[in-house]
Amino acid sequence: MRLADVAQFASGSLRGNPTRTLLMILAMSIGVASVVVLTALGEGARLYVVNQFSSLGTNLVIVLPGRTETAGIGPGMLLGQIPREITLDDAEAILRSRAVKRIAPLTVGTATLSRDALNREVVVLGSTSDLLEVRHMSLGIGKFLPPGDIHESASVCVLGNQMKRELFGNEQAVGQWVRLGDRGFRVIGVLGEQGESMGMRTDELVIIPVASAHQLFNTSGLFRIMIEAKSRDVIDQVKHDAEQIMFQRHNGEKDVTVITQDAVLATFDRILTALTLAVGGIAAISLAVAGVLIMNVMLIAVAQRVKEIGLLKALGAPGRQIRALFFAEAALLSAVGSVVGLALGYAGSMLVGKIYPSLPVSPPWWAVLAACGIAMGTGILFSVWPARRAAQLDPVAALAGR
Amino acid sequence: MIQLEKVSRSFTVGDQQVAALRGIDLNIAAGDYVSIMGPSGSGKSTLLNLIGLLDRPSSGTYKLDGGNVTELDDVQQARVRSEKIGFVFQAFHLVPRLTAAMNIELPMILAGIAPAERKKRVEKLLENYGLMDRADHRPDQLSGGQRQRVAIARATSMHPAVLLADEPTGNLDQTTGKEVIDLLEQLLEQNVALIMVTHDPVIGSRAKRQIHMVDGQIISETGSGT
């Protein structure tokens, strides 16, 4: 029997019972669509996090005080157990590594920001001029921190967008004076609006030179050193160099942690990929259910068509040909179900994308392939039994309708 | 062409062995016209199914064109059915969703004959059996006589050597029944062996060889055979 004839015969018998066929296609397509939509959601969440990370800066290596055995933020740091603080000199030393493009030392504290009668608590970031580049911040008006010796303090500050609005409203802020704690700072710039990135609202920050921050908070240690590598390829080199430099400067003691943005990102990536796989797997169960449905309906179809099967045998169809015809029916059903399901799935994903515009929803290619593959697989797998049953029918009994 | 030697067939009904055929010896040559008659339950249809390879004998040998066909496997038997045997049933057994032309084409589709050749043969058969204006009708739009004509056209589409008819007129009135018998008898001119099971003595007596069966045995053969 020719392949084209097999396909035609199978599609003919599917068309012969449209209700049954439609129901099976519906079951199959719901399964495929749910895989597509759910993995699209998971993948959207993953991409969202990845994007958030890259908005933090690219090719970042971060040095933090304290030693933790595993990468990430350890309990020691949360409790403030700092064996030895990182100093501005350490930061400058790291610049010696040839793989380093630029660095931004970071000191963080809170202070009362006030102008005339207005005042509020703000997060104050002490850093250098390179922070703008390293952290991919954007400047609204004015200038960022002036370049120069990082040990030199200056009474200048850059306000987050929201801080400027709260203190100055629509007035010109650049050139005005504000107070941080008991010190006066001249506003030299205002950050552009950036919203939230990784839990830190840059719109609510005040940035001052790192040396001024040390004086303001009466400290000398750094909270972080943000290092930007020259390229993605040398990130590991930078990490190694930073570790070495700190190791030497701290008298052979490994009391700092160097993490790469990639490592953190990779962790998130793994978690979210696992999540996507999990929801995809749950959705795939509905495909298996659709497969069982197909098996049921196919068994009924075999029972309904015993006479036809008997006839085909009498006309010279061996058992394997009859099996092939039933397989072809299942394959056709699954294929049509997959196509309809993909259409539904993509439509659903687009709808979700419309509802949550910030989520980059798009079904990953592997999920689409897997959904179709599982659909075809279950369709054919679950038709094995009915097809076998049809093939094994005794032609005499089948023709008599028994 | 057909040689049956001591062919028996028994069924297990409940815990009892029921013999449907007991030691049948039968030779049928190409172009023979054989009618098998007998009361119901005498084993007529079982014999026909055995000859048509739809059933296997419990013992004995069945040779078709000199080869022992009882030893063939499912695929080989199906092939013999496809190439040498045509069936005409009492209940027509047309596929309801297929048109008359497609029903006629079915054995050729199963045999894997090229579409162009199929089309040619279907055209010719439709013409021979006066079904030209019924080609695109489905079985439920055809009369009984037309249905049986489609079935005969289908049975002959692969140019079989043997045509097996199981009560071909059973569901037809006298006039159309006679027409159908005429059509079947025309096949004898092409040297096709026609074996027909019937309980209508009028129709049965038209055959050159008339076999009477009772209780799974051939009790008499009248007419000039072999």
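What percentage of the 226 residues in chain B is buried? Select chain B and keep that question in mind as you look around: buried residues make up 49% of the chain. Remember throughout the tour that this is a predicted model.

**Stop 1: chain B as a whole**

Colour chain B by secondary structure. You should find 7 helices and 10 strands. Now think about which parts of the chain meet each other. Among contacts in chain B between residues at least 6 apart in sequence, 69% join residues at least 24 apart.

**Stop 2: a sheet in chain B**

Next, select strands 2, 1, 4 and 5 of chain B. These 4 strands form an open sheet in the order 2-1-4-5, with antiparallel pairing. Its edges are strand 2 (16-28) and strand 5 (67-68), each of which pairs on one side only. Zoom in on strand 5, which pairs with strand 4 (residues 59-64) in the antiparallel sense over 2 bridges. To see one of these partnerships, select B:Lys63 and its bridge partner in strand 5, B:Asn68.

**Stop 3: helix 4 of chain B**

Select residues 115-128 of chain B, which form helix 4. Try a quick check here: at 1.5 Å a residue, its 14 residues should span 20 Å, and the end C-alpha atoms are 20 Å apart, so the two values agree.

Which residues of this helix are buried? Show B:Arg118, B:Val122, B:Leu125 and B:Leu126, which are buried. They cover an arc of only 100° around the axis, which means that they sit on the same side of helix 4 of chain B. As a general rule, an α-helix has 3.6 residues a turn, so residues three or four places apart point the same way.

Turn to the face away from that buried side, and you will meet the exposed residues B:Ala116, B:Glu117, B:Lys120, B:Lys124 and B:Glu127. Then bring in the cover over the buried residues, which includes helix 3 and helix 5 (144-156) of chain B. Before moving on, select B:Gly130, which follows helix 4 of chain B and has a positive phi, near 60°.

**Stop 4: where the chains meet**

Now show both chains. Here 21 residues of chain B are in contact with 22 residues of chain A. On the chain B side, the elements that give two or more residues are helix 2 (74-84) and helix 3 (100-111). Helix 2 of chain B gives the most, with 6 residues. Colour this side of chain B by class and you will see 11 nonpolar, 5 polar and 5 charged residues.

**Stop 5: the nonpolar cores**

In soluble globular proteins, nonpolar side chains tend to be buried together. In this model, the largest nonpolar core has 126 residues. Select A:Val32, A:Val36, A:Ala371, B:Leu163 and B:Ile195, the residues with the most contacts inside this core. Helix 2 (residues 18-55) of chain A supplies the largest share of the core, 13 residues.

Centre the view on B:Ile195 and look for residues that it touches, including B:Ile28, B:Val34, B:Ile36 and B:Leu48. Then travel to a second, separate core of 59 residues, which includes A:Phe185, A:Val210, A:Ala211 and A:Val256.

**Stop 6: a strand pair in chain A**

Finally, select strand 12 (residues 256-260) of chain A. Is this strand mostly covered or mostly uncovered? It is mostly covered, as 4 of its 5 residues are buried. Add strand 1 (residues 60-65) of chain A, which pairs with strand 12 in the antiparallel sense over 5 bridges. For a last close-up, show A:Ile62 with its bridge partner in strand 12, A:Ile259.

Key: Residues are numbered from 1 along each chain as its sequence is written. Chains are lettered from A and ligands numbered from 1 in the order in which they are written. This is a predicted model: local features need pLDDT of at least 70, side-chain atom pairs count only at pLDDT 80 or more; totals for chains, interfaces and linings use all residues. A residue is buried if 20 or more other C-beta atoms lie within 10 Å of its own, exposed if 12 or fewer, and partly exposed in between; C-beta atoms are placed from the backbone. Two strands pair if DSSP finds at least two bridges between them. Two residues are in contact if their C-beta atoms, placed from the backbone, lie within 7 Å. Ala, Val, Leu, Ile, Met, Phe, Trp, Tyr, Cys and Pro count as nonpolar, Asp, Glu, Lys and Arg as charged, and the others, Gly among them, as polar. A nonpolar core is a set of buried Ala, Val, Leu, Ile, Met, Phe, Trp, Tyr and Cys residues joined through C-beta atoms within 7 Å. The expected span of a helix is 1.5 Å times one less than its number of residues. The arc is that of the directions from the helix axis to the C-beta atoms.
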